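These are my notebook entries on one protein structure. I set down what I looked up, entry by entry, together with the terms needed to read each result.

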Amino acid sequence: MASARDPGPGLEKRDASDQNFDYMFKLLIIGNSSVGKTSFLFRYADNSFTSAFVSTVGIDFKVKTIYRNDKRVKLQIWDTAGQERYRTITTAYYRGAMGFLLMYDITSQESFCAVQDWATQIKTYSWDNAQVVLVGNKLDLEEDRQVPTEDAQRLATELGFQFFEASAKDNINVKQVFENLVDVIFEKMNESVNGDAGSLASHKGDGLKDTPRSTQGSCAC
């Protein structure tokens with residue numbers, strides 16, 4: 001995985017020199033630590049999976065080029081650390097992101113309870129046009145489920161987010177999550193071009209509540 005320690009001018013220069021794409025979308029994967037963000041990215045970008053858990057330090061990224069809507073789309077996918085001590089670093093990357101994968105672990109009620117907090121972070125630090133998919137990861141651990149699908153779907157609807165349950169380990173819905181997010185970004189781009197910019201700006205904000213961060217031990221879900 002490429003280092004993200006110097007993501008500024010150098011990266012922009014390399015991207016500008018690569019003319020083999022029609023669009024470049026910056027996507028971020030966010031959520032609590034250990035929900036499987038890095039494994040999800042590796043499954044999508046490299047079709048690989050390891051059960052070894054190594055906590056992401058700060059932020060890293062991978063690049064993957066796909067074809068959608070007869071266009072070559074270069075995805076710059078950022079994998080963020082979930083720990084609180086890295087929050088200042090990771091939120092600096094929210095601005096300019098066109099899409100977010102907000103991830104929780106279906107076997108961890110705590111990670112699901114943090115979703116509203118992460119949604120508030122998106123609203124605070126990202127631009128208004130960013131699209132969001134809520135992802136319940138680790139579907140392969142169904143027997144250890146703590147978060148009912150219905151609860152997650154209800155929250156996603158309230159927040160105005162797309163929703164998927166997925167498994168990086170068993171490669172369930174991984175590709176579909178990314179393709180859905182890219183398709184929604186295209187859809188909103190087209191609406192904006194057609195003069196319906198108002199709906200583009202409001203889509204992400206639907207359901208986002210200006211609530212303070214929940215205190216430890218409490219659940220906002």
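**Entry 1: K138 and its surroundings.** I began with K138, which I located in the loop between strand 5 (131-137) and helix 6 (149-159). For helices and strands I used DSSP runs numbered from the N terminus, a helix being H or I over at least four residues and a strand being E over at least two. The model is a predicted one, in which local features need pLDDT of at least 70 and side-chain atom pairs count only at pLDDT 80 or more, while totals for chains, interfaces and linings use all residues. Residues are numbered from 1 along each chain as its sequence is written, and side-chain values use heavy atoms, with hydrogens and water left out.

Is K138 buried or exposed? I found neither label to apply, because K138 has a relative accessible area of 21% and is partly exposed. The cut-offs are under 20% for buried and over 50% for exposed, with partly exposed in between (1.4 Å probe, protein chains only).

Which residues does K138 touch, leaving aside those up to four places away in sequence? I listed S34, V35, G36, D105, I106, A166 and S167. A contact here means heavy atoms within 4.5 Å.

**Entry 2: the partner of K138.** I next looked at D105, one of the residues that K138 touches. K138 forms a salt bridge with D105, and the closest N and O atoms are 3.2 Å apart. The term requires a side-chain nitrogen of Lys or Arg within 4 Å of a carboxyl oxygen of Asp or Glu. This pair links distant parts of the chain, since D105 is in strand 4 (residues 99-105) and K138 is in the loop between strand 5 and helix 6, 33 residues apart. The C-alpha atoms of K138 and D105 are separated by 6.1 Å. I noted that D105 counts as buried, because its relative accessibility is 6%.

**Entry 3: other salt bridges.** How many salt bridges does a search of the whole structure find? I recorded 9. One that I examined joins the side chains of K62 and D46, at 2.9 Å from N to O. K62 is in strand 2 (residues 59-68) and D46 in helix 2, 16 residues apart, and the pair links distant parts of the chain. K62 is buried, as its relative accessible area is 13%, whereas D46 counts as partly exposed at 39%.

I also looked up D151, which forms a salt bridge with R154, the closest N and O atoms being 3.1 Å apart. D151 and R154 both lie in helix 6, 3 residues apart, or about one turn of the helix. An α-helix has 3.6 residues a turn, so residues three or four places apart point the same way. D151 is partly exposed, with a relative accessible area of 29%, and R154 is partly exposed at 45%. Elsewhere, R68, K175, E179 and D183 are joined into one network by salt bridges that share partners.

**Entry 4: strands 5 and 6.** I followed the chain from strand 5 onward. Strand 5, helix 6 and strand 6 make a right-handed β-α-β unit. Right-handed means that, with the strands pointing away from the viewer, the path from the first strand over the helix to the second runs clockwise. Strand 5 pairs with strand 6 (residues 162-165) in the parallel sense over 4 bridges; pairing requires that DSSP find at least two bridges between the strands. I noted F163 in strand 6 as the bridge partner of L134.

**Entry 5: positive phi angles.** Most residues other than glycine have a negative phi. I therefore looked for exceptions and noted S34, which is not a glycine, with a positive phi of about 75°. S34 lies in the loop between strand 1 (23-31) and helix 2, and is partly exposed at 38% relative accessibility. N47, just after helix 2, has a positive phi of about 55°. N173 has a positive phi of about 65° and sits in the loop between strand 6 and helix 7 (174-193).

**Entry 6: the whole protein.** Last, I recorded the overall figures. The protein has 8 helices and 6 strands. Of its 221 residues, 47% count as buried; in helix 2 (residues 37-46), K37, F40, L41, R43, Y44 and A45 are buried.
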